[in-house]
Protein chains: 2
Amino acid sequence: MGTAAFEYYQANRERFLEGLKDLLRIPSVSTLPAHKSDIARAAGFIARELTEMGMEGVEIIPGKPAAAGGPAQHPLVYAEWLHAAGKPTLILYGHYDVQPPDPLDEWISPPFEPAVRNDNIYARGAVDDKGQTYLLLKAVEGFLKADGKLPINVKFLIEGEEEVGGEHIEQYVRSKPVRLKADSVLVCDTEMFAPELPTLTTGLRGLVYTEVEARGPSHDLHSGSYGGAAPNPFQALAEIMVGLKGPDGHIRIPGFYRRVKRPGRDELAAWKRLPFKESEFLKKEVGAKALVGEKGYSVLERVWARPTLEVHGFRGGFTEEGAKTVIPAVGTAKISMRLVPEQDPKEIVRLFTAYVKKLTPKGIQTSVGVLSTAPATIVSPHSRWAKAAAEAMEQVFHKKTVYMRCGGSVPIVDQFEQYMGIPSVMMGFGLPDDNLHAPNEKFHLPNFYRGIEAVGRYFELLGQ
Amino acid sequence: MGTAAFEYYQANRERFLEGLKDLLRIPSVSTLPAHKSDIARAAGFIARELTEMGMEGVEIIPGKPAAAGGPAQHPLVYAEWLHAAGKPTLILYGHYDVQPPDPLDEWISPPFEPAVRNDNIYARGAVDDKGQTYLLLKAVEGFLKADGKLPINVKFLIEGEEEVGGEHIEQYVRSKPVRLKADSVLVCDTEMFAPELPTLTTGLRGLVYTEVEARGPSHDLHSGSYGGAAPNPFQALAEIMVGLKGPDGHIRIPGFYRRVKRPGRDELAAWKRLPFKESEFLKKEVGAKALVGEKGYSVLERVWARPTLEVHGFRGGFTEEGAKTVIPAVGTAKISMRLVPEQDPKEIVRLFTAYVKKLTPKGIQTSVGVLSTAPATIVSPHSRWAKAAAEAMEQVFHKKTVYMRCGGSVPIVDQFEQYMGIPSVMMGFGLPDDNLHAPNEKFHLPNFYRGIEAVGRYFELLGQ
């Protein structure tokens, strides 16, 4: 086994950390048009690093410009190194865009000023997914800089729209079968089941994200003069929410569960063996008074293999300090559903939209907008790729690799499978308490370094 | 009948309008602490005008400063003229504070840049209540400037907290029985039933304004990773809203209707004779697809004499553009109730709070904050004061005065009655389409001028 790359990893830890901090300082929030230039800066940063480490064909691929149909697409970054004749070709996937940082006042240190505390680096995007994208770059850099070559062929494909639906990468994967020809995809955007426990993710939930707009009066009304006669869009949205999901967590949309299947017996049994304590999960991760959800399913099955429906916020009306007594003309609810394999996002959008219409009370007009959709995915833990990945992680973590699913979505996994028949491996180095999509997002630095090493080992094992 | 004052009104219309515009330019929004200095400017403006017209004892009465218990109180403005020996004494009430102007983007002209279009003046506070407060000043000014005296004694009491609960004026009324000794109060803060139709308001609904805060997880969570197990505060608030009020408009709080009585037969019959068309009201005032509310009650009874419960907005979560998938730690609903006579705000707060607790689902903690309360009021249309007011309006409008109630609240009416036994008269010059508390608030200028004249006639009739 070559040791030069691994020595390089050890010797360059500080530089790697400084590089990651530079990337984290760029507020590349993909949902907010105001951050368009930051998105461009982040793509440029990735491309520059790829060039400097010796990758070839580095290209920033611009997306469609803004048009009546929607906002501008964000650029992809592509790069390749294809000189390992006869060896497999891996696509390395990550994303440089991040979630919005709000609520800002709950951050201990500012979201775009990375700060190291207790072996963790805190910043928006630390773990999702800049830290995990950057470790892919550094794993490759070790080989190119220390050995002058890689044990396998690689193609980087880094996107900037993972948090907003990933339209650009989907179009690219569909339209570039030759350029993206590969044997497997390595996705570095998931987490470990527990600290120190090497983990491969074998399933992802899908997503349908909607906005339900309710219109009542033609203009805001005084609730004194009109309360009791004018329809209130927020009361309507409350009724719709309760109509969509019961207090028991059961989703009431007719046909919603039609295609839902439970995981196999072996998988459910393996989940039971994972080191999971409901009381710890409640206390350390959720921090609420109690857990909720459908009866008859374990917590892990509920978050990994059962569909859900959540409301993320209500826009409109009066929400500031004080007592404004308004019946608002318009209110909007941001509602998403997580899907499981076999559920078809298009069908779910149809069922959801029809049922929202049905639930809409008298006097109110609703319209449903769909912001993003992605189907759920299952990947096999028995492929050559998954087996090598498990072994690579075991070599670094000195523990048996476990298999979990993830309740979140990584749409690209399904797209490589569907359009190109390429299987993915999801090696992830996040921790359950990393505060994804929340204030004080962090990445555990030992996992950043072990991630680089595990990916390096994976390349070596595939190249043998 | 003296004509000098009325000639003065005619001759000074343009100057009155310019003065009103100056007052409207001051953004004296009482709910927002950022406007503290504007509140002070508006109080100063009123005091200066009172002094210049010849009122005596003009005083800006500061409120309690900001303390741990709450924000600073806003100043009252007092002034008196007491030289009509043997004649009655009237308190003239209005308020110089206004509602917040949002949503700003729906205003045709900016809310604090008064603009005249089609005989209407558009600005926040145009009708509620700067325009109607200012007409009281101008009615008095006419007598003092043209005749050098008033036909009755008057005491102005103008407040700056009407839109935020009016704590200061309530304390003042309770604590100054000698200074505020008077025979009746003239409140100029209501509206006419229809254009050209002189109207006295004989009843007001009360108000309880609350904030219900729901807490679920200890921090914002990713809905992918936790959806299906973590409690969602907004789902809880939706369930609470639906628990509080049914789709039929019936409020479900146990005991809520216990003390509610229907208006007398004569009053209901008089309401039936008012020129009211439900279809016109729906189309011209509400602008929704349909009206809603409790079955078995007319629209006028529903908005004047039935209690209601409305949600004004939900604070928290993600409400910006895009698709952030968060289960928020905290969500807050702003919920108010309008009360009818006999309902006790304290009892309603108790019933509401207890029922919100009962409706709170598993995993969620709720707390109820009360921002403001006021009981409902009924005033007699048969008092000497009401009869003179009706006649004064008839002389100006050349139509028979009608009697209506108002679904909104003017807490001071109840306080003068309760603490001092002084009856009020509510003469109002607003129109149903004046957009109170909404964008494009306006005041119909002919009503501004007729209001001045009607108040002047009222003084004369009382002085005869």
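# Exercises on a predicted two-chain model

With 27 C-beta neighbours inside 10 Å, A:Thr308 counts as buried; the cut-offs are 20 or more other C-beta atoms within 10 Å for buried, 12 or fewer for exposed, and partly exposed in between, with C-beta atoms placed from the backbone. This is a predicted model, in which local features need pLDDT of at least 70, side-chain atom pairs count only at pLDDT 80 or more, and totals for chains, interfaces and linings use all residues. Residues are numbered from 1 along each chain as its sequence is written, and chains are lettered from A and ligands numbered from 1 in the order in which they are written.

## Exercise 1. A:Thr308

Task: state in which strand A:Thr308 lies and which residues it is in contact with.

Solution.
- Step 1. A:Thr308 belongs to strand β11 of chain A, residues 308-315. Strands (E, at least two residues) and helices (H or I, at least four) are DSSP runs, numbered from the N terminus.
- Step 2. Contact requires C-beta atoms, placed from the backbone, within 7 Å. Neighbours within four places in sequence aside, A:Thr308 contacts A:Met337, A:Arg338, B:Gly227 and B:Gly228.
- Step 3. Between the C-alpha atoms of A:Thr308 and A:Arg405, 97 residues apart along the chain, the distance is 15 Å.

## Exercise 2. The interface between the chains

Task: describe the side of chain B that touches chain A, by element and by residue class.

Solution.
- Step 1. Chain B places 83 residues in contact with 83 residues of chain A.
- Step 2. Elements of chain B that each supply at least two residues of this side include α7 (233-244), α10 (299-305), β13 (330-339) and β14 (365-374). The largest share, seven residues, is that of β11(B).
- Step 3. The side of chain B that touches chain A holds 34 nonpolar, 34 polar and 15 charged residues. Here Ala, Val, Leu, Ile, Met, Phe, Trp, Tyr, Cys and Pro count as nonpolar, Asp, Glu, Lys and Arg as charged, and the others, Gly among them, as polar.

## Exercise 3. Symmetry

Task: find the operation that superposes chain B on chain A.

Solution.
- Step 1. The operation is a rotation of 180 degrees with 0.0 Å of shift along its axis, and the RMSD is 0.0 Å. Superposition is by least squares on the C-alpha atoms of residues with pLDDT of at least 70 in both copies.
- Step 2. This is the relation of a two-fold axis. B:Ala238 has the C-alpha nearest the axis in chain B, 2.1 Å from it.
- Step 3. Because 100% of the interface residues of chain B are also interface residues in chain A, the copies meet through the same surface.

## Exercise 4. Chain A and its domains

Task: compare the radius of gyration of chain A with the value for a compact globule, then describe the domains of chain A.

Solution.
- Step 1. For 464 residues, a compact globule would have a radius of gyration near 23 Å, and the 23 Å of chain A agrees. The radius is taken over C-alpha atoms, and the globule rule is 2.2 Å times the number of residues to the power 0.38.
- Step 2. Chain A has 14 helices and 18 strands, and 59% of its 464 residues count as buried.
- Step 3. Domain 1 of chain A covers 4-204 + 377-463, and domain 2 covers 206-268 + 290-374. These bounds come from an automatic or database domain assignment.
- Step 4. The centres of the two domains of chain A, taken over C-alpha atoms, are 32 Å apart. Each domain gives 10 residues to their contact. On the domain 1 side, β16 (402-406) and α13 (411-420) of chain A each supply at least two residues.

## Exercise 5. Backbone exceptions

Task: for B:Asn118 and B:His437, give phi, and say whether each is buried or exposed.

Solution.
- Step 1. Most residues other than glycine have a negative phi, and most peptide bonds are trans.
- Step 2. B:Asn118, in the loop between β4 and β5 (120-122) of chain B, has a positive phi of about 50 degrees. B:Asn118 is exposed, because it has 8 C-beta neighbours inside 10 Å.
- Step 3. B:His437, in the loop between β17 (424-427) and β18 (442-444) of chain B, has a positive phi near 65 degrees. B:His437 is buried, with 24 other C-beta atoms within 10 Å.
- Step 4. Cis peptide bonds include the one from B:Asp102 to B:Pro103, with omega near 0 degrees, and the one joining A:Asp128 and A:Asp129, with omega about 5 degrees.

Key:
Two residues are in contact if their C-beta atoms, placed from the backbone, lie within 7 Å.
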